[in-house]
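Biologist: Please take a close look at one part of this model, namely how its cysteines are arranged. I should also like to know what surrounds them, with the criteria behind each term.

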Amino acid sequence: MKKLLATVAALVGFAGAAQACPNWNLDPNYGSYNLSLGQMRAGQRIGLQAGGNNYVWDCPNVNPQTDTGAGYFTSSPDVRIFANNIEGNRLVLRVNSDCDSALLINTGTATWYYDDDDAGNLDPQIVLTRPRSGQIDIWVGTYDGGYCDANLIIQAQ
């Protein structure tokens, strides 16, 4: 009986840890946006608070093949966009913030991307060179686990 209880307790612990990682199945903290190509070309700015308490590299469900810097994110995406007619354009996602922010996205093809400082001034930027129309989940975190005010900027080029 003790072995059974220990096994159940371990499984519950593992399930709790997995839920503490970024999860695109959760509802976004700052809303969902259905964006046309024209809206993305004009640029969209969404104010939010960067940060979180989930260290990205402790999350087995997140495996970005891009940057390898530190980053702390919430479990829920901050923003979910539905990009329409984006094929043939580049999609630039960047953050302007008051701290050392980080950016994590999951595309409709279940591909993870991460960046720490590519926009300069300790701000991240991810450029999707061949984006597909569909759902893109976006997390804006911080390098050190703190919190700060930030703007997510979405622009098609």
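Modeller: Counted along the chain, the bonded cysteines follow the pattern 1-2, 3-4, where a disulfide is a pair of cysteine sulfur atoms within 2.5 Å. The structure holds two such links. The model is a predicted one, in which local features need pLDDT of at least 70 and side-chain atom pairs count only at pLDDT 80 or more, while totals for chains, interfaces and linings use all residues. Residues are numbered from 1 along each chain as its sequence is written, and side-chain values use heavy atoms, with hydrogens and water left out.

One disulfide joins Cys21 to Cys59, with 2.3 Å between the sulfur atoms. The torsion about its S-S bond is -95°, and the link is left-handed. Cys21 belongs to the loop between α1 (2-19) and β1 (32-35), and Cys59 to the loop between β3 (54-55) and β4 (72-73), so this pair ties together parts that are 38 residues apart in sequence. Helices (H or I, at least four residues) and strands (E, at least two) are DSSP runs, numbered from the N terminus. Both ends of this link are buried: Cys21 has 4% relative accessibility, and Cys59 has a relative accessible area of 5%. Buried means under 20% relative accessible area, exposed means over 50%, and partly exposed lies in between (1.4 Å probe, protein chains only).

The other disulfide is formed by Cys99 and Cys148, whose sulfur atoms are 2.0 Å apart. Its S-S torsion is about -45°, so this disulfide is also left-handed. Cys99 sits in the loop between β6 and β7 and Cys148 in strand β11, so the two tie together parts that are 49 residues apart in sequence. Cys148 is buried, at 9% relative accessibility.

Strand β11 leads from this second link to a sheet. Four strands form an open sheet in the order β2-β11-β6-β9, with antiparallel pairing; two strands pair if DSSP finds at least two bridges between them. β2 and β9 are the edge strands, each pairing on one side only. From one strand to the next the twist averages 20°, with axes taken as lines fitted to C-alpha atoms, for helices over the stretch in contact, and angles running from 0 to 180 degrees between N-to-C directions. Within the sheet, β6 and β11 run antiparallel and are joined by seven bridges. Leu91 has Ala156 in β11 as its bridge partner.

β11 also enters the packing of the interior. The largest nonpolar core has 25 residues, and those with the most contacts inside it are Leu103, Ile138, Val140, Leu152 and Ile154. A nonpolar core is a set of buried Ala, Val, Leu, Ile, Met, Phe, Trp, Tyr and Cys residues joined through side-chain atoms within 4.5 Å. Among the elements giving two or more residues to this core are α2 (37-42), β7 (101-106), β10 (134-142) and β11 (148-156). The contribution of β11 is the greatest, at five residues. A separate core of ten residues includes Cys21, together with Ala102, Trp112 and Tyr114. Val140, for its part, is in contact with residues including Leu48, Phe73, Val95, Ala102, Leu103 and Leu152, leaving aside neighbours within four places in sequence; contact means heavy atoms within 4.5 Å.

β7, which follows the loop of Cys99, pairs with β8 in the antiparallel sense over four bridges. Leu104 stands opposite Tyr114 in β8. Five residues lie between the strands of this hairpin, where Ala110 takes a positive phi near 65°. Tyr113, also in β8 (residues 112-115), is partly exposed at 25% relative accessibility. Beyond residues up to four places away in sequence, Tyr113 touches Pro64, Thr66, Leu103, Leu104, Ile105, Thr107, Ile126 and Leu128.

Besides the disulfides, a charged pair also links distant parts of the chain. A search of the whole structure finds one salt bridge, defined as a side-chain nitrogen of Lys or Arg within 4 Å of a carboxyl oxygen of Asp or Glu. The side chains involved are those of Asp137 and Arg80, at 2.5 Å from N to O. Asp137 lies in strand β10 and Arg80 in strand β5, so this pair ties together parts that are 57 residues apart in sequence. Both residues are buried, Asp137 at 1% relative accessibility and Arg80 at 8%.
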